[in-house]
Structure formats: structure tokens, C-alpha cells
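User: I would like to learn how to read the features of a model such as this one, step by step. Could we take a feature at a time, with the general idea placed before the particular case?

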Amino acid sequence: MHPFLSLPRISKRAWKVWHRNLVVFLRTWKVNFFPPLVEAFLYLFAIGMGIGTYVKDIGGIPYINFIAPAILAIAVMNSAFFECTYGSYVRMYYQKSFDAMIATPLSIEDVIAGELLWGATRSVIYVIIMLPVLAAFGVISFPASLLVIPLAFLGGLMFAGIAMCFTAITPSIDTLNYPSFLLITPMMLFSGTFFPLTLLPVLFQDIALAVLPLTHLVAVMRMLTLPAISGLLILHVIWITLVTAIFCIISINLMRKRLII
Amino acid sequence: MSKHWLTGGARIQTIIEAQDLKKTFGEIRAVDGISFAVKKGEVFGFLGPNGAGKTSTMKIIACVSPRTSGKIQVLGMDPDCSPAEIKMRIGVVPQETNLDPDFTCYGNLFTYSRYFDIPPDAAQQKANELLEFVQLQEKKDVTVEKLSGGMKRRLILARALINNPDLLILDEPTIGLDPQARILIWERLKLLQAKGNTIVLTTHYLDEAARLCDRLVIMDNGKILVTGSPADLVKQYVGNEIVEVEKTDEVISCLVANNIPYEIIGDSVQIATESSREVIRILFDHCSPHKVLTRPATLEDVFLKLTGRKLRE
Ligand SMILES: Nc1ncnc2c1ncn2[C@@H]1O[C@H](COP(=O)(O)OP(=O)(O)OP(=O)(O)O)[C@@H](O)[C@H]1O
Ligand SMILES: [Mg+2]
């Protein structure tokens with residue numbers, strides 16, 4: 001098997017790295033809790049009510065209800081992705097935090113695993129803050145929508161893994177802009193978020209389903225918030241789980257290669 | 001397993017033992033086949049010019065950088081096989097300061113304690129003790145960005161002690177410290193040694209090495225040139241005393257005529273000798289010197305003699 005796919009040895013000490021990040025996050029909680037709230041309102045007003053005035057419904061679903069799960073999925077993607085690109089890069093390169101940590105019983109595998117878990121946790125926190133806003137607007141249904149919380153962790157871990165691969169190979173913090181513009185922005189628009197995938201040419205639909213992770217996350221989110229659960233849910237979750245496992249493993253191995261010299 | 005042998009009835013334990021240790025970075029041979037042994041309770045120094053391979057060696061001992069080849073045992077264990085077990089029992093001051101800027105002084109120590117599984121109560125007490133130990137208790141709640149360079153260095157030493165390590169690895173611990181702070185650190189290190197700690201350190205301050213180290217090695221180009229106690233090295237490689245004379249053509253030709261080996265350093269001529277009286281007598285009798293000065297030979301003379309005077313790039 002390729003060395004980048006070999007299973008890294010991670011100990012439960014990874015949670016100590018997670019804990020360190022949580023402590024720092026909670027210390028500035030006022031600053032950190034604001035963006036998700038604002039973001040939820042902005043999307044709902046600008047797109048939901050703005051565009052929603054013209055697009056009344058999509059396949060019988062009110063437009064604002066159609067985009068509500070997309071707002072959540074995008075939040076999951078952005079919080080984990082930016083945490084594990086810019087956030088992790090700053091801690092690795094500028095703060096030398098990883099160097100300091102691997103001089104303790106923590107291994108580099110523990111450190112990166114802790115960062116990934118933290119990235120996923122950021123997604124969960126973001127979603128938990130957004131849910132009451134969406135609920136107040138009456139655009140998601142309960143109790144099925146509560147399942148969005150564990151899903152945010154899984155989806156967050158997937159984007160954390162993808163992000164960490166970029167962080168492991170980026171020559172500088174500036175080059176991290178490329179994945180944000182070339183991957184994250186298009187994904188935000190073309191993953192069945194603000195309009196259904198079926199509006200795209202068939203070839204693009206297939207491509208979106210094959211390579212755009214957000215497509216699957218949005219699909220599951222939508223099944224849960226409408227709710228409109230079908231057997232396809234299992235397939236989407238399996239896809240997400242596999243991709244999560246692969247990218248998390250590769251990212252840890254790439255980071256080891258970068259940092260242990 | 002660590003090796004033991006008998007010396008004067010006492011059991012001496014080897015804390016670090018390295019044989020033919022090598023570390024390469026591509027073409028660069030940073031550590032090029034070194035062997036050394038550090039005994040329990042000793043302060044062991046690594047000296048050498050920039051790029052000699054000191055930090056590379058420290059990183060191998062500290063289990064943060066794997067060796068390319070050779071053997072090494074730290075606390076009786078192999079860094080390749082049991083890094084977590086070794087790291088649990090060592091304290092490291094890295095050359096490059098890497099305190100956590102997201103925390104205060106106290107926060108740095110407390111956060112670090114968690115990585116060693118130290119329970120919060122014990123950690124709190126230890127952190128306070130250590131802040132006092134390095135005289136930073138007034139800066140307890142200050143974020144590390146607001147510390148001066150020397151204060152950061154002291155905090156890093158405190159951090160390295162959080163887990164009561166058996167072995168301390170200090171890579172230029174006193175770099176950038178003022179004389180008072182250096183003396184404080186020396187005193188602290190002596191205290192730690194008295195408590196049975198083993199200390200491995202690198203430094204560019206040769207007076208510091210002479211004062212602190214029981215034994216030391218001088219490295220250059222990844223190789224160990226000499227090993228020994230500071231006093232023995234001075235005696236063996238330089239002699240007792242140095243006579244310095246102002247450089248004139250007359251003095252030089254006179255020294256050559258009298259078969260006295262000398263070295264030219266800047267505008268002075270240095271003569272290493274066992275007996276300065278003899279040399280001074282010859283100088284005044286035959287060479288009509290301008291200024292003459294006698295001083296004891298130091299580790300610096302050994303260092304410069306062995307590693308040359310050229311600046312390393
Ligand atoms: N990560 C690295 N990649 C490539 N070369 C390296 C790396 N680290 C060290 N080297 C090289 O290895 C050699 C030894 O470096 P090292 O840092 O061990 O020296 P040192 O004795 O600690 O020097 P100084 O006194 O300047 O700290 C140098 O030639 C250096 O350029
Ligand atoms: Mg160095």
C-alpha cells in the first residue's frame with residue numbers, strides 16, 4: 001500500500017490538542033459566537049427572502065426551506081476548512097505550536113488528529129448556533145433536524161481532512177488562497193446548494209456527485225431538515241465516511257512527512 | 001536496558017549512550033558518526049561553531065527528529081521505539097523559542113502540563129513554583145508576547161521542568177540573557193544537578209561551558225573533535241597560560257629564532273605555555289617587546305585552536 005495511506009498510530013492524547021484549541025476558543029467566545037448568528041441572518045434575508053420573492057418554490061418546497069440546509073452545510077464546510085488551513089498553518093508555522101507539542105509525549109500523529117477533531121468541532125459549534133435562528137424562521141423541522149449536529153461533526157471532519165492535506169503541502173500561507181478560491185467557492189455554488197443539481201447538464205451533475213464533497217453533505221442535510229429521508233441517505237453517508245477516512249489518513253501522513261525531518 | 005558499571009563501588013548509570021550516530025539532510029551530513037555517553041547526574045556540554053550539528057544531535061536525543069543511522073539509547077530506551085516513554089521523562093529547551101502566544105506565562109505552563117498527564121491540582125502548584133523558580137511570578141498573567149527575549153527564555157526553562165524531568169536537554173538555554181539572568185540560570189541548573197538531574201546543554205558561551213559542564217565535547221562539521229572535562233581539555237590542548245605580545249616583525253622573527261610556537265590573533269601574538277616566566281624572560285632578553293600580558297588559558301583557546309578562526313557561513 002502507498003505510504004500515504006498507511007494507518008497512522010493515534011493515541012487518545014490527541015484530545016489534549018483538541019482541548020488546548022477549545023480553551024483558546026472559549027476565551028474569546030463572544031467574538032466567536034457572533035459570526036454564525038450574523039451569517040444565518042444574512043443568508044436568510046439576502047437569498048431566502050430576496051431571491052425567494054421571485055423563486056417561490058423548488059419542486060413544491062418553499063425556496064427558503066430549500067436553502068436552509070445548504071446554509072448549514074456551507075457553514076460546516078467553511079468552519080472546518082478555514083480552521084484546518086489558515087488556523088492550523090498559523091499554529092504550525094508562525095506559532096511553532098506543533099514543535100512545542102511534539103517535544104512532549106504527544107506524537108505528530110496525535111497533534112494532527114487533535115487539530116482535525118477540533119476542526120470538526122468548530123463545524124458542530126457553528127451549526128449549533130445557527131440552528132435556533134433557522135428554527136425561529138420556521139425553515140427547518142424538528143426533531144429530524146437535530147441529527148444535523150452529529151452530521152456536522154462527520155462533515156466537518158471530512159473538510160478538516162481535505163484542508164489539512166493542503167496545509168501539509170502548501171509552501172506558504174498565501175498559496176492557501178488557491179484551494180479556497182478554486183475549490184471552496186465553486187463548491188459553495190455548484191453543489192445543489194442554492195439551486196438543484198438537476199439544473200446542471202448531466203455531465204456536470206455526475207462530476208459534482210463524484211468529486212464535490214459538499215454535494216453529499218447538502219443532500220443529507222436537506223433530507224434531515226425538510227425532512228425527506230430516503231434510502232439514498234445511507235449511500236451519501238457512506239461516501240462521506242470513506243472520503244473522510246481517506247483524507248484524514250493522508251493528511252496525517254503528509255504532515256508527518258513535512259514536520260518530522 | 002541501560003548499562004551499568006562499577007566505579008569505586010558506586011553504580012554509575014548511563015543516561016544517554018550514542019554510537020556512530022548519523023543524521024543527514026539530503027547531501028548535508030549534519031551529524032557524522034558521533035559516539036558519546038552521558039552519565040547520570042552530570043552536566044554534559046556540546047560546543048561547536050554554527051552548523052556543527054549540535055541542534056541536530058539535541059533533536060535526536062529529544063525524540064523529535066529520527067536519526068539516519070547509528071545507535072542511541074536515552075534513559076535506556078530507543079527514541080525510534082519508545083518516544084512517548086522517553087519524552088515523558090525529559091525536559092527540553094529548544095534553540096528556537098516556541099512558547100504558545102495564545103496563553104499567559106501561567107497558561108503556558110498549565111497547558112503544557114496537560115500534555116504530560118499531570119493532574120490539574122498538581123499542575124497548578126507546580127506552575128506557580130516554577131514561575132518563582134525563574135523569577136517570573138510578577139509576569140504570571142502576562143501574555144508571552146509581552147515578555148522580553150530573556151524572560152521568554154526563562155519561561156521556556158520553567159516549561160521544560162513542568163514534568164520533573166530526569167534528563168534536561170537545553171539547546172542554548174542562555175542565549176540573549178543579561179548577565180544577571182545568566183547567573184540565575186546557572187545557579188538554577190546547579191541546583192537541579194544537585195537534585196540528581198542529568199543535563200545536556202549546548203552553548204556558545206565558553207565561560208559558561210567551563211563553569212557548568214562536568215564534561216563536554218567540541219564538535220565541528222558533524223564530528224566530535226575532543227571529549228573531556230573543561231580543565232583537562234585546556235591542559236591537554238593549550239597548556240597553563242597564554243602570553244600575549246603586541247605584534248611586531250621583531251617579536252615574530254625573534255620567536256621563530258628561539259623556536260617558540262605562537263599564533264597571530266589580530267594585532268597580537270599569543271604563546272601558549274606551561275610556564276609563562278620562561279617565555280617572558282626570553283621575550284624581554286631577546287625580542288624587545290612592547291606590551292606583554294599573561295593570562296590563564298581558557299576553553300576559548302581550546303575551541304579556537306581546534307575549530308580554527310574562520311567564520312562559519
Ligand atoms: N531541517 C534541516 N534541513 C536541512 N538542513 C538542515 C536542517 N537542520 C539543520 N540542517 C543543517 O545541518 C547542519 C547542522 O545544523 P545544526 O542546526 O545541528 O547546527 P548547530 O550546531 O546547532 O548550529 P548553531 O550553533 O548555529 O545552532 C547545518 O549545516 C544545517 O544547515
Ligand atoms: Mg543549534
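User: Which domains does the assignment give for chain B?

Analyst: A domain assignment divides a chain into ranges of residues, and in this predicted model the assignment for chain B gives domain 1 as 14-229 and domain 2 as 240-296. The centres of these two domains of chain B, taken over C-alpha atoms, are separated by 41 Å.

User: What do the totals for chain B add to that picture?

Analyst: Totals are read together, beginning with the fold elements: chain B holds eleven helices and 14 strands, and its C-alpha trace spans about 75 × 45 × 45 Å along the principal axes. Of its 313 residues, 51% count as buried, while the accessible surface comes to about 14,900 Å², with 51% of that area belonging to carbon and sulfur atoms. Among the contacts in chain B with a separation of 6 or more, 68% are between residues 24 or more positions apart.

User: Which atoms coordinate the magnesium ion (ligand 2)?

Analyst: For a metal site one lists the donor atoms and then asks where in the chain they come from. Here the donors are OG1 of B:T55 and OE1 of B:Q95, at 1.9 to 2.0 Å. B:T55 belongs to helix α1 (residues 54-61) of chain B, whereas B:Q95 lies in the loop between β6 (90-93) and α3 (105-115), so the pair ties together parts that are 40 residues apart in sequence. Water is not among the atoms, so such a site may look incomplete. B:T55 is partly exposed, at 24% relative accessibility, and B:Q95 is also partly exposed, at 36%.

User: Why is α1(B) described as largely enclosed by the rest of the structure?

Analyst: One counts the buried residues along the helix: six of the eight residues of α1(B) are buried, and it is therefore largely enclosed by the rest of the structure. The buried ones are B:K54, B:S56, B:T57, B:M58, B:I60 and B:I61. Just after this helix, B:C63 takes a positive phi of about 65°.

User: How many salt bridges are there over all chains, and which parts of chain A does the pair of A:E83 and A:R122 link?

Analyst: A salt bridge is read first by its N to O distance and then by the position of its partners, and the count over all chains is 22. In the pair formed by A:E83 and A:R122, the closest N and O atoms are 2.8 Å apart. This pair links distant parts of the chain, with A:E83 in helix α3 (residues 63-94) of chain A and A:R122 in helix α5 (residues 108-136) of chain A, 39 residues apart. A:E83 is buried at 10% relative accessibility, and A:R122 is buried as well, with a relative accessible area of 18%. Both belong to a network of salt bridges that links A:E83, A:R91, A:E115 and A:R122.

User: Are the partners B:R215 and B:E42 buried or exposed?

Analyst: Both B:R215 and B:E42 are buried, and their side chains meet in a salt bridge at 2.9 Å, N to O. The pair links distant parts of the chain, since B:R215 is in strand β9 (residues 215-220) of chain B and B:E42 in the loop between β3 (28-39) and β4 (43-47) of chain B, 173 residues apart. As another case, B:E187 forms a salt bridge with B:R188, with the closest N and O atoms 3.0 Å apart; B:E187 is partly exposed at 42%, whereas B:R188 is buried at 12%.

User: Which residues make the nonpolar surface patch of about 650 Å²?

Analyst: A patch is read as a group of side chains on the surface, and this one is made by A:L5, A:L232, A:I234, A:L235, A:I238, A:L242 and A:I246. An α-helix has 3.6 residues a turn, so residues three or four places apart point the same way. A:I238 is found in helix α10 (residues 232-259) of chain A and is partly exposed, at 46% relative accessibility.

User: What is B:S276 in contact with, leaving aside its neighbours within four places in sequence?

Analyst: Contacts beyond the sequence neighbours show what surrounds a residue, and for B:S276 they are B:E241, B:V243 and B:T294. B:S276 is placed in helix α10 (residues 276-287) of chain B and is buried, at 9% relative accessibility.

Terms used: Residues are numbered from 1 along each chain as its sequence is written. Chains are lettered from A and ligands numbered from 1 in the order in which they are written. This is a predicted model: local features need pLDDT of at least 70, side-chain atom pairs count only at pLDDT 80 or more; totals for chains, interfaces and linings use all residues. Side-chain values use heavy atoms; hydrogens and water are left out. Domain bounds come from an automatic or database domain assignment. Donors are N, O and S atoms within 2.8 Å of the metal (3.2 Å for Na, K and Ca); water is not among the atoms, so sites may look incomplete. Helices (H or I, at least four residues) and strands (E, at least two) are DSSP runs, numbered from the N terminus. Buried means under 20% relative accessible area, exposed over 50%, partly exposed in between (1.4 Å probe, protein chains only). Patches are made of residues with over 30% relative accessible area and no salt bridge: like charges are joined within 9 Å, nonpolar side chains (Val, Leu, Ile, Met, Phe, Trp, Tyr) within 5 Å. Accessible areas come from the Shrake-Rupley method with a 1.4 Å probe; for residues, only the protein chains shown count as cover. A salt bridge is a side-chain nitrogen of Lys or Arg within 4 Å of a carboxyl oxygen of Asp or Glu. Contact means heavy atoms within 4.5 Å.
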